[in-house]
Amino acid sequence: MSEEVTEKIWNKSHYTTTYKVRLYIKQREYLKLTNDIYNDLIKKYFDVLYERQELLELSSFNCLTELEKLTVIPKTGPRKGEVPELYFEQNAPVYLRRAAIHQAMGFAKTHTSTEERAREKSKKIPEVPKKFNTPTLFYKGMYKEFEGSSITLKLFDGESWNWFKAKLTNFKIPKDAELLSPTIVMHKEYILAHIPVKEYIEDITPIRYRMQEEDIKVCSVMFTNTDKFAVCVILDGKGNFVKSKFISGGKEYAERTGYLLRKIKKNNTKYKNYTANTRPWKKIYEIKKYYAHKVSREITNFCIENKVRVLAYADYKNQSTIDWEYYNRTIGEFSPLALRERTIEYLTYKTYKEGILITKVRPNYILRKCYKCRETIRRKIKGRKETVKYKCKNGHEGDYYFNGAMNVAIMCLKKFGKEIERKEN
Ligand SMILES: [Zn+2]
């Protein structure tokens with residue numbers, strides 16, 4: 001099991017993805033001992049920082065230096081052997097201490113600002129934490145031989161610090177990537193290594209320049225509330241249709257979440273305690289993540305296969321247009337369309353990694369006008385229900401969401417000043 005988590009940090013030339021990977025180690029208890037020492041250090045440094053809050057004003061590097069001066073007996077220099085003011089005994093390698101100090105600085109900053117806000121609002125001041133329980137961050141110096149399939153960690157075995165090898169499963173280091181300090185998270189039944197991986201992006205040409213390139217192709221995405229999670233259309237720079245893709249699974253998704261929701265409802269009436277629903281809620285969360293990853297992955301692959309470097313979607317978020325109401329009216333919390341924002345979030349970093357850039361277009365009349373003639377369209381009715389087929393006054397007909405995706409792609413081209421050759425057909 002190896003999966004990407006959602007927190008992504010990127011700038012122009014690189015991005016960082018955190019992978020969660022299963023870790024196997026014989027010496028689980030040493031990992032626990034190390035984690036206890038780590039949290040103990042965090043607590044001690046938290047207390048120092050809480051007493052001397054002026055230290056938090058310093059840069060983190062200077063704060064770290066000051067804290068070490070205050071608590072550690074120097075091994076070299078003019079103050080060699082001198083016992084500092086706030087000395088406390090500690091049995092930890094220097095890099096474990098430094099990771100703990102950084103963590104403590106974060107906690108102290110959060111805590112003092114929460115206190116400050118409470119004071120301002122004359123609310124109850126939160127208590128100072130009695131202890132911490134945070135997973136160990138392994139800085140360089142605390143790990144070695146980090147190769148993708150294994151990592152060697154420095155752990156406390158009850159007597160001293162030694163190196164222990166751990167296995168990692170299903171983790172392939174991306175090409176030319178840089179591994180950053182992992183955090184080891186101990187769960188009841190398994191252990192995960194959260195591994196941040198820094199990768200570099202080759203192509204960072206801005207969209208406006210890309211759009212001027214001769215062989216430019218754009219792909220548009222229209223999210224739907226049907227079995228088709230998304231409809232994608234690729235157009236060339238002149239507006240000619242290249243290819244389309246319908247990404248299904250929406251029905252399956254709605255069924256799977258629906259089943260769990262009914263179960264939750266049943267539990268609510270049957271049991272008075274809410275713990276009965278912890279599992280189904282967790283499962284729903286996992287299903288959501290799974291489909292958002294799957295859909296965003298399929299869209300990304302479709303772009304890669306067709307050498308698309310610009311992706312467009314209609315930005316309905318924060319835009320209250322008539323179009324949005326039209327689009328939005330069937331959304332329930334667990335319907336396929338409600339997965340849209342999360343899918344876009346995953347899609348943004350997945351495509352970015354591949355050198356594909358995303359642009360948003362205004363969602364005006366995307367679903368209500370025919371892409372061929374701009375006439376208002378009507379959805380066909382079958383029985384009492386609207387279907388996914390449409391027809392316009394001029395007799396153009398087809399898939400309602402495909403039409404929307406065509407409009408998005410055309411708007412994207414126009415946004416960057418492309419002339420579109422309209423062919424009536
Ligand atoms: Zn038409």
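Me: Over how many bridges do β16 and β17 pair, and in which sense?
Reply: This is a predicted model: local features need pLDDT of at least 70, side-chain atom pairs count only at pLDDT 80 or more, and totals for chains, interfaces and linings use all residues. Residues are numbered from 1 along each chain as its sequence is written; side-chain values use heavy atoms, without hydrogens or water. Strands pair if DSSP finds at least two bridges between them. β16 and β17 do so over 3 bridges, and the sense is antiparallel.

Me: Which residue is the bridge partner of Lys391 in β17?
Reply: Strands (E, at least two residues) and helices (H or I, at least four) are DSSP runs, numbered from the N terminus. Lys391 has its bridge partner in β17, and that partner is Glu397.

Me: Which glycine in the hairpin of β16 and β17 takes a positive phi?
Reply: The hairpin has 4 residues between its strands. A phi near 85° belongs to Gly395.

Me: What is the strand order of the open sheet of 3 strands, and which are its edge strands?
Reply: The pairing is antiparallel, and the order is β15-β16-β17. Two of these strands pair on one side only. The edges are therefore β15 (377–382) and β17 (397–399).

Me: What is the average twist from one strand to the next in the sheet of β15, β16 and β17?
Reply: Axes are lines fitted to C-alpha atoms, for helices over the stretch in contact, and angles between N-to-C directions run from 0 to 180 degrees. From one strand to the next, the twist averages 40°.

Me: Which residues in β16 are the bridge partners of Arg379 and Ile381?
Reply: β15 and β16 (residues 385–392) run antiparallel, joined by 5 bridges. Their hairpin has 2 residues between the strands, and Gly383 takes a positive phi near 65°. Arg379 is matched with Tyr390, and Ile381 with Glu386.

Me: Which residue in β12 stands opposite Cys232?
Reply: β11 (residues 228–236) pairs with β12 (residues 241–248) in the antiparallel sense, over 7 bridges. The two form a hairpin with 4 residues between them, and Gly239 in the turn has a positive phi of about 90°. Opposite Cys232 stands Lys245.

Me: Why are α5 and α6 called roughly antiparallel?
Reply: Angles under 35 degrees count as roughly parallel, 65 to 115 as roughly perpendicular, over 145 as roughly antiparallel and the rest as oblique. The axes of α5 (residues 250–270) and α6 (residues 278–305) come within 10 Å. The label therefore follows from a crossing angle of roughly 165°.

Me: What is the handedness of the crossing of α5 and α6?
Reply: A crossing is left-handed if the near helix is turned anticlockwise from the far one by less than a right angle, and right-handed if clockwise. The residues that meet (contact means heavy atoms within 4.5 Å) include Tyr253, Leu260 and Ile264 in α5 and Trp281, Ile287 and Tyr291 in α6. The crossing of α5 past α6 is left-handed.

Me: How many residues of β2 are buried?
Reply: Buried means under 20% relative accessible area, exposed over 50%, and partly exposed in between (1.4 Å probe, protein chains only). β2 (residues 14–24) is mostly covered. Of its 11 residues, the number buried is 8.

Me: Which residues are paired with Lys20 in β9 and with Tyr24 in β6?
Reply: β2 runs antiparallel to β9 (residues 191–200), with 10 bridges joining them. It also pairs with β6 (residues 161–168) in the antiparallel sense, over 2 bridges. The partner of Lys20 is His194, and opposite Tyr24 stands Lys167.

Me: Is Asn170 buried or exposed?
Reply: Asn170 sits in the loop between β6 and β7 (178–179). Its phi is positive, about 50°, although it is not a glycine. Most residues other than glycine have a negative phi. With a relative accessibility of 60%, Asn170 counts as exposed.

Me: What is the relative accessible area of Tyr365?
Reply: Tyr365 lies in the loop between β14 (357–361) and β15. Its phi is positive, near 55°, and it is a residue other than glycine. Tyr365 is partly exposed, at 37%.

Me: What is the C-alpha to C-alpha distance between Asp36 and Asn133?
Reply: Asp36 lies in α1 (residues 28–51) and is partly exposed, with a relative accessible area of 38%. Asn133 is 97 residues away from Asp36 in sequence. In space, C-alpha to C-alpha, they are apart by 8.1 Å.

Me: How many Å apart are the C-alpha centres of domain 1 and domain 2?
Reply: The domain bounds come from an automatic or database domain assignment. Domain 1 covers 2–200 and domain 2 covers 207–415. Their C-alpha centres are separated by 40 Å.
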